[in-house]
Amino acid sequence: MDKKSKWGFSTKSIHVGNEADEALGSVSPPIHLSSTFKQDGVGNNRGHDYSRVSNPTRDRLEENLAVLDGAKYAICYSTGMAATTALFQLFDAGDHIIISRNTYGGTYRMAMNVLKRQGIEFDWIDTRDPENIKKYLKPNTKLVHVETPTNPLLELCDLEKTSKICKKAGVFLSVDNSFMSPYGQRPIEFGVDIVMQSSTKSLSGHSDVLGGVLTTNNEDLAERLRFLLKATGGVPSAFDNWILLRSTKTLALRYQKSSDNATELANWLNEQKNIDRVIYPGLSSHPQHEIAVKQQRTPEDKIIFGNMISIDLGSVESRDTFLKSIEVFTLAESLGGVESLVCVPYNMTHAAVPEKTKLEMGITETLVRLAVGIEDLTDLKADLIRGLGK
Ligand SMILES: Cc1ncc(COP(=O)(O)O)c(C=O)c1O
């Protein structure tokens, strides 16, 4: 067995793909910005010919991200949406894909306005009960794509049960793991075929990179994805790959701290009188708390509830007062950064989802999503106290 496979998560995140370079021994790996590579003769290159096809910095990052997910293969993209699009492009006109309702709004926009037009069929369903999936399976169903926790309602999907149902039905199962990151949840351990992540979020963690990644143990899927990437060209820049490779070194520290902050804040918010709903998988009042306990685990097998909280402030006035009063949380899209952000999914991340659908699911204008960062807990709490007018 390769000695690296025995290393702990942080050791892997710091060392795999980050080996000192052969030529000069630089401890921080070099960045290869070159778009093309000198060939020693026709058909005789030194491992790379053109950076859309492969690039040494991207190779390092893919090695690093694969190992963190416990996967054999990782394929990197320019954004999370490019990764999800590539995942769905594995399938053809006439194929059917089942997706968790209230996934990230951009997934809905891409599926319904781009790939549906090109003949792929989609059903958006409640995957909180995996048995529900059976009702929507059709002879042309090829993929079930779930998000857990979902964005922004933090609904959970039991990965082990869902994976068994998909295997029995002969369909692939993919998971958008952007909210948990491999530090908090490793779907491949539950039999999931493909893991998708927006590396713009916790993997990069500093709100300065756009990226996406798909990981898998299935060689055939990996080859088809590599071909699609080469053919369609949605590759990340070498600079973004390098920054991301540096960022995953601190993923464990950042994710643990932000999740600890979120757990403390969610418990406190849950005791406040002027909030209609506090949604957080770590609260025993969360209807699927036990699923979080089962599958949201650190690499050392400690329960972890994640850095996302949603709260319903009940009225647009309270929401606006909250947003005007906060000073540490920043009103902005995105999540998973060291800095705490706040957003109104109804108008922001889920703008593309039809109003009726949003309201049916509970994504109201007064639902506020908190993406908790790694600032001092006392400052975050003081900020929420200010926002809630206490
Ligand atoms: C859960 C989730 N999946 C996918 C995406 C898309 O990622 P990107 O913005 O990197 O394209 C996002 C972006 O917010 C997201 O929150």
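I took helices (H or I, at least four residues) and strands (E, at least two) as DSSP runs, numbered from the N terminus.

**Entry 1. The model**

I noted that this is a predicted model, in which local features need pLDDT of at least 70 and side-chain atom pairs count only at pLDDT 80 or more, while totals for chains, interfaces and linings use all residues. Residues are numbered from 1 along each chain as its sequence is written.

**Entry 2. The whole chain**

I counted 14 helices and 12 strands in the protein chain. Its radius of gyration is 21 Å, close to the 21 Å of the globule rule for 390 residues, so the chain is as compact as a globular protein of that length. The radius is taken over C-alpha atoms, and the rule is 2.2 Å times the number of residues to the power 0.38. Along the principal axes, the C-alpha atoms fill a box of roughly 70 × 50 × 35 Å.

**Entry 3. Two domains**

I looked up the domain assignment, which gives domain 1 (8–249) and domain 2 (251–387); such bounds come from an automatic or database assignment. The centres of the two domains, taken over C-alpha atoms, are 25 Å apart. I found 35 residues of domain 1 in contact with 36 residues of domain 2, where contact requires C-beta atoms, placed from the backbone, to lie within 7 Å.

On the side of domain 1 that touches domain 2, the elements that give two or more residues are helix 1 (9–15), helix 4 (105–115) and helix 7 (181–184). Helix 4 gives the most, with four residues. By class, this side of domain 1 has 14 nonpolar, 16 polar and five charged residues. For the classes, I counted Ala, Val, Leu, Ile, Met, Phe, Trp, Tyr, Cys and Pro as nonpolar, Asp, Glu, Lys and Arg as charged, and the others, Gly among them, as polar.

**Entry 4. The sheet of seven strands**

I recalled that strands of a sheet pair through backbone hydrogen bonds, either parallel or antiparallel. Here, two strands pair if DSSP finds at least two bridges between them. An open sheet of seven strands follows the order 1-7-6-5-4-2-3, and its pairing is mixed. Strand 1 (73–77) and strand 3 (121–125) are the edge strands, each pairing on one side only. From one strand to the next, the twist averages 20°. For angles, I used lines fitted to C-alpha atoms as axes, for helices over the stretch in contact, with values from 0 to 180 degrees between N-to-C directions.

Within this sheet I examined strand 5 (residues 172–176) and strand 6 (residues 194–198), which run parallel and are joined by three bridges. V175 stands opposite V195 in strand 6. Helix 6 (residues 159–169) packs on the sheet against strand 4 (141–147) and strand 5, and its direction makes about 150° with that of strand 5. Helix 2 (residues 56–69) lies across strand 1, strand 6 and strand 7 (212–216), at about 125° to strand 1.

**Entry 5. The sheet of five strands**

I then turned to an open sheet of five strands in the order 8-9-12-11-10, also with mixed pairing. Its edge strands are strand 8 (277–279) and strand 10 (330–331), each of which pairs on one side only. Strand 9 (residues 308–312) pairs with strand 12 (residues 367–371) in the antiparallel sense over five bridges. D312 stands opposite L367 in strand 12. Helix 10 (residues 251–270) packs on the sheet, touching strand 8 and strand 9, and makes about 15° with the direction of strand 9.

**Entry 6. The ligand**

I listed 15 residues around the ligand, the closest being T79, G80, Y104, S198 and T200; a residue is near if its C-beta atom, placed from the backbone, lies within 6 Å. This shell divides into four nonpolar, nine polar and two charged residues.

**Entry 7. Backbone exceptions**

Most residues other than glycine have a negative phi, and most peptide bonds are trans. I found a cis bond from T148 to P149, with omega near 0°. Another cis bond joins N151 and P152, with omega about 5°. P149 is in the loop between strand 4 and helix 6, and P152 is found in the loop between strand 4 and helix 6. D301 has a positive phi, near 70°, and is found in the loop between helix 11 (289–295) and strand 9.

Technical notes
Two residues are in contact if their C-beta atoms, placed from the backbone, lie within 7 Å.
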